[in-house]
Amino acid sequence: MFDALQENLSGAFRSLRGRGKLSEANMRDGLAQVREALLEADVSLSVVRDFMDRVTEQAVGERVLASLDPSQQVVGIVHQELINLMGPVDHDLHLRKGTTVLMLCGLQGSGKTTSCAKLAQRIKKLNKKTMLCAADLQRPAAIDQLHVLGEQIGVPVFSQRESKNPVAVCQAALAEAKSREVDVLILDTAGRLAIDEELMAELTLIDRKVQPDQVYLVVDGMTGQDAVKSAKGFNDALELDGCIMTKLDGDARGGAALSVKHVTGVPIKFIGTGEQVDGLEEFHPDRLTGRILGMGDVLTLVEQAQQKFDQEEMERQEERLKKGEFTLDDFRKQLSQVTKLGPMGKVMGMLGMDGGLAETMGGGDMDKDMQRLFGIIDSMTAEERRNPTKVIDQSRRGRIAQGSGVSAGEVNDLVKQFDSMASLMKQMAGKGMRDRMKMAKELQNQAMTNPGGKLGKTKQGTGKRLSSKERQKLKKMREKEVRRKKRESRSGGK
């Protein structure tokens, strides 16, 4: 999601940078492209109109137009206004003494039942005793699904399969939760294919009789502006405390995520990612904005790494790197840790590296490429993994290729690049996350200037950086030298 929006916004900013000194006229031309990018992302028209009014008012001001880099100022303005558009967000569940009741509602197919389990799993990690209530009596399968999910996460599920009265079921569940001293009761209410009077009457009655402490709407990010309309309808009836947006890792254009707070006044509190029960994350407008503008989302990546990585293994790897030890076994273990964070495209996007790297790889499937890489390494002996450049000869290369189902050339490429990878990893030893991200960015830039996608051996910096003018001048000098040598060659041949 957001790939097209990111690409279109980047194009708008590039057009502004290419104008030199900006005037009000060409600034407005560039902002028109920003507006077009938002509309193509299925952002609500009223949201785009208000958003662009605020951006334009600041962008065509004298302070911006007279600045040294007006286009960069515009990026900053858009960045802040996108954050304002989606926030602020209160992530607190406001759990109180006794039993806190959380009510989840939403249309059928939005991922409501799964979100109930994900929320229960999140609360369980806070050492709170949790119970789920199967109050979606429209679909017997929903009750079965909640029981399966409850068993999976170790949370009890209250249900009364014979009952036709969801209000009575919720009231009975609350009485049971209080008797068992449950900290949090989560109600999985009924959904419909569309908002109707019967659904709203049922939910309103549950709201009035059970009096939940918080009411959350689960919305499907794939449904675009329909998600925004349903959010408005539910909020008018129930006074929502927040939204949980699902399927944000899908291929929708992202307009719902940017529109729902402005249209309803209700912020997105959590986002659901994937089918796993731990796939519920706090929604941070600033982090999402960074990803939309190609700045990455390193904070979320670090948080996920702390939760999902084997910390003891990471400490062992760090100690080996500090001693100057790095083998293909180490490399494979580190890549295996990274795969715990999700698809490689998602990880690269959170590093702000997705665009250029994807182009460099020719639009290839990074996850499949990683599995091929694992296959090559797994087909090597311990000695070959320890010192591939010295041990692997033509005969061994053929055996490894046959064992991993790849060409001998792919094995050769990995062996050739091992020294470069080892050099880079050793340089990263002992460095903080900020310095490692900086090195990763430099690696991306190197890849983008190398069509073959091969890593060059990392050189230590001299401390001097060439300016863009100096690089351009150096390029012209090289081209001039090439032309001179060609003329000399022709002259010598006559």
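What does the chain average in pLDDT, and what share of the residues score at least 70? In this predicted model, the chain averages a pLDDT of 78, and 73% of the residues score at least 70.

**View 1. Two stretches of the predicted chain in which pLDDT stays under 50, residues 351-364 and residues 444-464.** Over residues 351-364, where pLDDT stays under 50, the model has 32 contacts beyond four places in sequence. For residues 444-464, where pLDDT likewise stays under 50, the model has 28 contacts beyond four places in sequence. Where pLDDT is low, the predicted coordinates should not be read in detail.

**View 2. Strand β4 and the strands that pair with it, β1 and β2.** Six of the six residues of β4 are buried, and the strand is described as mostly covered. V184, I186 and D188 point one way from β4, whereas L185, L187 and T189 point the other way. The strand runs parallel to β1, to which it is joined by five bridges, and L102 stands opposite I186 in β4. Strand β2, residues 130-135, also runs parallel to β4, and six bridges join the two; here A135 stands opposite T189.

**View 3. The surroundings of T189 in strand β4, which spans residues 184-189.** T189 has a relative accessibility of 0% and therefore counts as buried, the cut-off being under 20%. Leaving aside neighbours within four places in sequence, T189 is in contact with M103, L104, C105, K112, A135, D136, L203 and I206. For one of these residues, L104, the backbone oxygen lies 2.6 Å from a polar atom of the T189 side chain. The C-alpha atoms of T189 and C116 are 9.9 Å apart in space, although the two residues are 73 residues apart in sequence.

**View 4. The salt bridge between D188 and K112, and the network that includes both residues.** The closest N and O atoms of D188 and K112 are 2.9 Å apart. This pair links distant parts of the chain, with D188 in strand β4 and K112 in helix α6, 76 residues apart. Both partners are covered: D188 counts as buried at 1% relative accessibility, and K112 counts as buried at 5% relative accessibility. D188 and K112 are linked with D136 and R139 in a network of salt bridges. Helix α6, residues 112-124, also holds S115, a residue that is buried with a relative accessible area of 2%. Not counting residues up to four places away in sequence, S115 touches L104, V218, I244 and T246.

**View 5. Salt bridges at helix α19, formed by R385 with D329 and by E384 with R399.** A search of the whole structure finds 15 salt bridges, and this view shows two of them. R385 and D329 form a salt bridge in which the closest N and O atoms are 2.8 Å apart. Because R385 lies in helix α19 (residues 382-386) and D329 in helix α15 (residues 328-339), the pair ties together parts that are 56 residues apart in sequence. R385 is buried, with a relative accessible area of 16%, whereas D329 is partly exposed, with a relative accessible area of 28%. The side chains of E384 and R399 meet in a salt bridge with an N to O distance of 2.8 Å. This second pair links E384 in helix α19 to R399 in helix α21 (residues 394-404), 15 residues apart. E384 counts as buried at 0% relative accessibility, while R399 counts as partly exposed at 36%.

**View 6. Helix α10, residues 225-238, and the elements that cover its buried residues.** The helix has 14 residues and reaches 20 Å from its first C-alpha to its last, close to the 20 Å expected at 1.5 Å a residue. Its buried residues are Q225, A227, V228, S230, A231, F234, N235 and L238. What covers them includes β1 (100-105), α9 (197-210), β5 (214-220) and α11 (255-264). Just after α10, E239 takes a positive phi of about 55 degrees.

**View 7. R49 in helix α3, which spans residues 45-59.** R49 counts as partly exposed, with a relative accessibility of 46%. The C-alpha atoms of R49 and L39 are separated by 9.8 Å, the two residues being 10 residues apart along the chain.

Conventions: Residues numbered from 1 in each chain as written. Predicted model: local features only at pLDDT ≥ 70, side-chain atom pairs only at ≥ 80, totals over all residues. Heavy atoms only, no water. Helix = DSSP H or I, 4+ residues; strand = E, 2+ residues; numbered from the N terminus. Buried < 20%, exposed > 50% of the residue type's maximum accessible area, 1.4 Å probe, protein only. pLDDT = per-residue confidence, 0-100. Contact = heavy atoms within 4.5 Å. Expected span 1.5 Å × (residues − 1). Polar contact = N/O pair within 3.5 Å; in protein donor to acceptor, adjacent residues only side chain to side chain. Pairing = 2+ DSSP bridges. Salt bridge = Lys/Arg side-chain N within 4 Å of Asp/Glu carboxyl O.
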